Amino acid sequence: AWRPDLGDGQQWLWFSKTEWAYHAFRRFLGLRLHVSEALRRRPAKEPVILAVHPHGVASDYRILMDGMLCEALPGRKVLTLS
């Protein structure tokens, strides 16, 4: 199915916030996202570039981080390349 709302690297917010298996996997791995206080204070309208590490040939790590980025950086448009 064609999903224009997912074009240009847009997040699938519903999926990344509600998919139960990803929440369970985040808890199992003890996955944490560290965001500096300076970035949290930066106005949401100012763009930033973030690198997610480790990365690899699979997009699973980025998918796990997707929902966490939404929660850590509210009000920001988060685009990803994977």
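In the predicted model, F25, F28 and L29 form a nonpolar patch on the surface of the protein. Together these three residues have about 340 Å² of accessible area. F28 belongs to helix α2. With a relative accessible area of 68%, F28 is exposed, because the cut-off for that class is over 50%. In soluble globular proteins, nonpolar side chains tend to be buried together. Over the whole protein chain, the exposed surface comes to about 6500 Å², and carbon and sulfur atoms supply 60% of that surface.

The secondary structure of the chain consists of four helices and zero strands. Along the sequence, the elements follow the pattern α-α-α-α. The chain has 82 residues, of which 22% are buried. Among contacts between residues at least 6 apart in sequence, 69% join residues at least 24 apart.

The largest nonpolar core has six residues. Its members are V35, L39, L69, A72, L73 and V78. Two of these residues can be described further. When residues up to four places away in sequence are not counted, L69 touches L33, L50 and V78. V78, for its part, is located in the segment after α4, a helix that covers residues 60-72. The relative accessible area of V78 is 13%, so V78 is buried. V78 is also paired in space with a residue from another part of the sequence: V78 and P47 are 31 residues apart in sequence, while their C-alpha atoms are 9.2 Å apart.

R76 is likewise found in the segment after α4. This arginine has a relative accessible area of 15% and is therefore buried, since the limit for a buried residue is under 20%. Leaving aside neighbours within four places in sequence, R76 is in contact with L39, R42, P43, A44, E46 and V48. One of these contacts, L39, is also a member of the largest nonpolar core. For another, P43, the C-alpha atom is 8.9 Å from that of R76, although the two residues are 33 apart in sequence. P43 is placed in the loop between α3, which covers residues 37-41, and α4. At 44% relative accessibility, P43 counts as partly exposed.

Two further contacts of R76, namely R42 and E46, are joined to each other by a salt bridge. The closest N and O atoms of this pair are 3.4 Å apart. R42 has a relative accessible area of 34%, so R42 is partly exposed. E46, at 35% relative accessibility, counts as partly exposed as well. The count for the model comes to one salt bridge.

R26 offers a case of a buried arginine that has no salt bridge. The nearest side chain of opposite charge is that of E71, at 5.6 Å. This distance does not meet the rule for a salt bridge, because that rule requires the atoms to be within 4 Å. R26 has its place in helix α2, which runs over residues 20-29. Apart from neighbours within four places in sequence, R26 is in contact with S16, L31, I63, L64, G67 and M68.

R32 is located in the loop between α2 and α3. At 60% relative accessibility, R32 counts as exposed. Without its neighbours within four places in sequence, R32 is in contact with M65 and M68. M68 is also among the contacts of R26. R32 and M65 are 33 residues apart along the chain, and their C-alpha atoms are separated by 8.7 Å.

Terms used: Residues numbered from 1 in each chain as written. Predicted model: local features only at pLDDT ≥ 70, side-chain atom pairs only at ≥ 80, totals over all residues. Heavy atoms only, no water. Helix = DSSP H or I, 4+ residues; strand = E, 2+ residues; numbered from the N terminus. Buried < 20%, exposed > 50% of the residue type's maximum accessible area, 1.4 Å probe, protein only. Lys, Arg positive; Asp, Glu negative; His and termini not counted. Contact = heavy atoms within 4.5 Å. Areas by Shrake-Rupley, 256 points an atom, 1.4 Å probe, with all protein chains shown as cover. Core = buried A, V, L, I, M, F, W, Y, C linked by side-chain atoms within 4.5 Å. Patch = residues over 30% accessible without salt bridge, like charges linked within 9 Å, V, L, I, M, F, W, Y side chains within 5 Å.
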